[in-house]
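Dear colleague,

I am passing on the structure below, with notes on what came out of it. Please read the notes with the coordinates open.

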Amino acid sequence: MRSNKLLILDLDGVLITNPSWKADQIHSDGYSEFNESCVENLNQLLTFTEFDIWLSSTRRIVKTLTEFNLIFKNRGIKKDIIGFVPEYADCRNRKEEVLKFITEFNISDFLIIDDDKSLNGLESEIKESLVLTELTKGFNSEKLKEANEKIKNCS
């Protein structure tokens, strides 16, 4: 039985806040830079509750878990990713992927941090655990506060 809360985490619009029309800044390890204040906010969030991080970003299909954990470590994120939300061939958008993942793995204690607007279509019970960010602002201090409130309300 899982005791940790699950964090379903996106990268673009959460930790990577480049406008889509602009090329990513590249870190010395050859991967996109993360917004440092968004990383600090994520690390802050990780001190509030024990999370298992599951990556939902479409970027998950181009790197291995080991590679992503190294990228996270290089950017000062204090926790490893446990896994990737599975790629479901029949899912048309992030909302369907997240819903299928939550249902298939019978997940009840979770937080979603993502900028994907399709998640607005989630049923209200699940949407209560969603922190919807904006592409160029990411996981800013306002969203950290919102995430903290959602954690407190769920425990």
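This is a predicted model, and the notes go from the sheet outwards to the helices, cores and loops.

Strand 1 is a good place to start. Lys5, Leu7 and Leu9 on one side of strand 1 and Leu6 and Ile8 on the other are all buried, and both faces of the strand are covered. In a regular strand, side chains alternate between the two faces of the sheet. All told, five of the five residues of strand 1 (residues 5–9) are buried, so the strand is largely enclosed by the rest of the structure.

The sheet

Strand 1 belongs to an open sheet of five strands, ordered 3-2-1-4-5, with parallel pairing. Its edges are strand 3 (81–84) and strand 5 (130–132), each of which pairs on one side only. From one strand to the next the twist averages 25°. Helix 2 packs on this sheet, where it touches strand 1, strand 2 and strand 3. The direction of helix 2 makes about 135° with that of strand 3.

The pairings can be followed across the sheet as follows:

- Strand 1 pairs with strand 2 (residues 51–55) in the parallel sense, over five bridges; Lys5 stands opposite Phe51 of strand 2.
- Strand 1 also runs parallel to strand 4 (residues 110–114), to which four bridges join it; here Ile8 stands opposite Ile112.
- Strand 4 in turn is joined to strand 5 by three bridges, again in parallel; Ile112 stands opposite Leu130 in strand 5.

Ile112 therefore makes a convenient marker when tracing the sheet, with Ile8 opposite it in strand 1 and Leu130 opposite it in strand 5.The connection from strand 1 to strand 2 goes through helix 1 (residues 36–48), and the three elements make a right-handed β-α-β unit.

Helix 3

Which residues of helix 3 (residues 94–104) are buried? They are Arg94, Glu96, Glu97, Val98, Phe101 and Ile102. The cover over these buried residues includes strand 1, strand 2, strand 4 and helix 4 (124–127). At the N-terminal end, helix 3 is capped by Asn93, which has a side-chain oxygen 3.2 Å from the backbone nitrogen of Lys95.

Just after helix 3 comes Asn106, with a positive phi of about 50°, although Asn106 is not a glycine. Asn106 sits in the loop between helix 3 and strand 4. With a relative accessible area of 67%, over the 50% cut-off, Asn106 counts as exposed.

The cores

The largest nonpolar core has 28 residues, of which Leu15, Phe34, Leu45 and Phe139 touch the most other members. Strand 1, helix 1, strand 2, helix 2, strand 4 and helix 5 (141–154) each supply at least two of its residues. Helix 1 gives the most to this core, with five residues. Leaving out residues up to four places away in sequence, Leu15 touches Leu9, Phe34, Asn35, Cys38, Val39, Leu42, Phe72 and Ile77. Another core, of 17 residues, lies apart from the largest one, and among its members are Leu6, Leu122, Ile126 and Leu130.

Asn69 and Asp80

Asn69 is in helix 2 (residues 65–74). Is Asn69 buried or exposed? Its relative accessibility is 13%, and buried means under 20%, so Asn69 counts as buried. The side chain of Asn69 reaches the backbone nitrogen of Ile81 at 2.5 Å. Beyond its neighbours within four places in sequence, Asn69 is in contact with Asp80 and Ile81.

Asp80 lies in the loop between helix 2 and strand 3. With a relative accessible area of 48%, Asp80 is partly exposed. Not counting residues up to four places away in sequence, Asp80 touches Ile53 and Asn69. Asp80 and Leu65 are 15 residues apart along the chain, and their C-alpha atoms are separated by 9.1 Å.

Regards

Conventions. Residues numbered from 1 in each chain as written. Predicted model: local features only at pLDDT ≥ 70, side-chain atom pairs only at ≥ 80, totals over all residues. Heavy atoms only, no water. Buried < 20%, exposed > 50% of the residue type's maximum accessible area, 1.4 Å probe, protein only. Pairing = 2+ DSSP bridges. Right-handed = clockwise from strand over helix to strand, strands pointing away. Contact = heavy atoms within 4.5 Å. Polar contact = N/O pair within 3.5 Å; in protein donor to acceptor, adjacent residues only side chain to side chain. Axes fitted to C-alpha atoms, helices over the stretch in contact; angles between N-to-C directions. Core = buried A, V, L, I, M, F, W, Y, C linked by side-chain atoms within 4.5 Å.
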